[in-house]
Structure formats: structure tokens, C-alpha cells
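Colleague: I am new to this structure. Please take me through it, one question at a time.

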Amino acid sequence: MTPAARAAAAIDILDRILDGQAAEAALIRWARASRFAGSGDRAAVRDLVFDALRRLRSRAALGGALSGRGLLLGMCREEGIDPATLFTGEGHAPPALSEGEGQAGRAPTPDEALDLPDWLLPLWRKALGGDAEPVALAMRDRAPVWLRVNLRRADPARAAAAMAEQGIATAPHPDLPTALRITEGARRLAGCHAYREGLVELQDLSPQMACALLPAQGSLLDFCAGGGGKALALAAQGAGPVTAHDIDAGRMADLPARAERAGVRIRLAAPGKVAGRFDTVVADVPCSGSGTWRRGPDAKWRLTRDDLEQLAARQCRILDQAAGFVADGGHLAYMTCSVLDAENDDQVQGFLARNRRFEQVLARRFTPLTASDGFYLALMRRR
């Protein structure tokens, strides 16, 4: 596909997303209907779509319209690309710009330049204070790819060397050597021996840093395990026995194979069937995902105030439920991939007011300015 044909495909997909389709679903439908598109074409179109969603408001302003064409035109103006090279009207390229389109567009306002919904901006600024603008601007860029070295299988040097042999370059984090950032060849990871043999796992830097702050001894319950990334990380750190639970068992379907590959043992608990007390309970609760909007940027445009209120109520219930599995003297780790107070500090303070037997040990908020994704951890101890 030519660059112009890729732009036309991105315009069509973006229009579907603006009409209400989820981004992943729209991309999959296009790919299935476009068998002529190679892997490089699919990756390039995906990048165009996701970049546009990350910068939806600012590019719509620059392009003069909240539409697929407006967003791609906004990209051209932002990046200094001559629109006439893409909007040619020839072959599979987008139709040429009309006179009105050529004259439309303006610089985004300061709020539009942050590329966040208007209703969310006060909550964002309240939570992040002086970091609100730089974090919002960082969220407009593509997220880096981070790996966690599985010390049960290899040390960081061996893992990095094994990936380098297959064209994947990495760089370690200065304060967390088991965290490797991919600097080249990220799309080769799925076929890489180091990944397939359990030497490394995909895990963003922020949750890796959060897991490194948790007690790594004794029994552990990952109460909202999802795919099990934190259960795997903590098992590799030395916690055990480890139990993983999720109200949707399907989310844990791949966890037994991942645990075997990683050389750790993890017991799965059926939904709602957790029993006993644990030295550490991790509750990585469902949330807005505001810290991960670089990776799923359409989510920030779908989130509503009602959604946030419903999530906060659900988080409150889960936190109270998870606390019941903490042994005396044990720890409760509350986690979200959000940067918003309503899902973070407000939840923890409300929980501590309801549960006087718990005391806060530490709280950390991670952002792209200090780590990678936006992430939150509060560690509490049961007296």
C-alpha cells in the first residue's frame, strides 16, 4: 500500500470509530476485509489511527473537522506534511481537498492541546497539580514497550543478549535492572525465543516498580488477576504459594501456560471461591485506565462521568471484599492504572475510615514523568 492508500484506510477506520465502534474492532474488520494489506501495511494503518486518537482534539482543530479526513489533515499540518501528497484523489488515495477543507483549521486552544475531554480536565488538574499538563502531553505520544526479566529463567544480561541475537535491542532501567525497554525490534517479540521460553514477560515499567515495593514472602492472593502479570511477577520475586482469582475466569485462561513457561506455580481459584487468609492480597481493580490511554486512546473519549462514578463504587466493594482475605499482620495492596483521585487516594482514605484495623504503609503514583504508564499503589497493613 502507498502512504496515500494507508491514509485512506485510516480515514475510513477513524470514521467508524467516531460513529461508535471500538478501535480494535474497527481495525480488525478492516484487516479482514483487506487481505491485500501486508503486516507492514496493517501496522502502519494502526499507527495512523492510534496517533490520531491520542491527539483527537488538537488534530481536529488543526484539520478543521472532527472526522477521519479532518484528523489526517490535522496530522499533515502538525507534522509539516504537504496534504497534497496524500489527498491526491488518485488510485486508492483519499479524494483531493475541497477549497473549504484547504481553508479550514486553526491552532488548538490550550485545553484542546491537552487532548482530554473537557469534563475530565478539572479532575485531571486536581489529581496531578503542576504535573497535569506535562503528563497530558506525554499521553499524546506512543507508549514504550517494557519487559520484565524472569529471574527464575535468566539474569538481565542473558535475557538482553538472547533478544539481541534475534534483532531486538533493549536498555535496562537504571533503578530496576530487571526492567528492559525495547529500543528496536518490538514487533519481533512474539516470535523471539527469549519471550517464548519465559526469560521475559511483557509488563510495563510502572506496575513492575509497584510490584518491587511489595512483600515478596509468604502466601499471596492476586484477587483481580486478569491475565496474571502481577501474580507471575510476585511469584518470580519469591512469594508463595500464589493464588490467582478473577471474577471472569476467562481472563486467566492463558495463565497456566504462562506460569509453566515462567517456571512458577500459581493456583487458580474459581470465581467467588477464594478461601482462607493470605500474607499479601493484591487488588488491581477495574478502573478508568486513565494511566494507559497512550495504549488504548479511544477509551478516554468513551469514558463518561457516570462511568467514573460506577467504577468508583465497584472499586469500593472490591477493596472491602479483598480485605477480608488478609491475614493478621498481612498486607493489602490496592492498585489501579489510573491517575485520578476518585480511583486512588479517595478510595484508600475511604477504606481506611471504614476499616480501622488497617493502616497505610505507603502510597505511590507513577506517571510517564517518573516511570511509564500512569499507575497507583497503596500498601496497607492489617494490625
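Modeller: Two terms come up at once. Buried means under 20% relative accessible area, exposed means over 50%, and partly exposed lies in between (1.4 Å probe, protein chains only). Helices (H or I, at least four residues) and strands (E, at least two) are DSSP runs, numbered from the N terminus. This is a predicted model, where local features need pLDDT of at least 70, side-chain atom pairs count only at pLDDT 80 or more, and totals for chains, interfaces and linings use all residues. Residues are numbered from 1 along each chain as its sequence is written, and side-chain values use heavy atoms, with hydrogens and water left out.

Colleague: How many of the eight residues of helix α11 are buried?

Modeller: Helix α11 spans residues 205-212. Its buried residues are Leu205, Ser206, Pro207, Gln208, Met209, Ala210 and Cys211. The helix is largely enclosed by the rest of the structure, because the buried count is seven of the eight.

Colleague: What covers the buried residues of α11?

Modeller: Cover goes by contact, meaning heavy atoms within 4.5 Å. Helix α12 takes part. The strands in the cover include β1 (146-149), β3 (179-184), β9 (326-336), β10 (358-366) and β11 (375-382).

Colleague: Which residue does Glu78 pair with at 2.8 Å in the loop between α3 and α4?

Modeller: A salt bridge is a side-chain nitrogen of Lys or Arg within 4 Å of a carboxyl oxygen of Asp or Glu. Glu78 lies in helix α5, and its partner sits in the loop between α3 (39-54) and α4 (56-63), so the pair ties together parts that are 23 residues apart in sequence. Glu78 is partly exposed at 30%. The partner is buried at 14%, and it is Arg55.

Colleague: Which side chain in helix α4 also meets Glu78 in a salt bridge?

Modeller: This pair is also 2.8 Å apart, N to O. It links helix α4 with helix α5, 19 residues apart. The residue in α4 is buried, with a relative accessible area of 2%: Arg59.

Colleague: Which residues are linked with Arg55, Arg59 and Glu78 in a network of salt bridges?

Modeller: The structure holds 32 salt bridges. Side chains of opposite charge can pair when their charged atoms come close. The other members of this network are Glu79, Asp115, Arg140 and Asp141.

Colleague: What is the phi of Asp115?

Modeller: Asp115 lies in the loop between α6 (99-103) and α7 (121-128). It is buried, with a relative accessible area of 0%. Most residues other than glycine have a negative phi. Asp115 is not a glycine, yet its phi is positive, at about 55°.

Colleague: Which residue is joined to Gly240 by a cis peptide bond?

Modeller: Most peptide bonds are trans. This one has an omega of about -5°. The partner's place is in the loop between α12 (229-237) and β6 (242-245), and it is Pro241.

Colleague: Which residue does Arg251 form a salt bridge with?

Modeller: Arg251 is partly exposed, at 43% relative accessibility. The closest N and O atoms of the pair are 3.0 Å apart. The partner is buried at 3%: Asp246.

Colleague: How far apart in space are Gly89 and Val282?

Modeller: Gly89 lies in the loop between α5 (68-79) and α6. It is partly exposed, at 44%. Gly89 and Val282 are 193 residues apart in sequence. From C-alpha to C-alpha, the distance is 55 Å.
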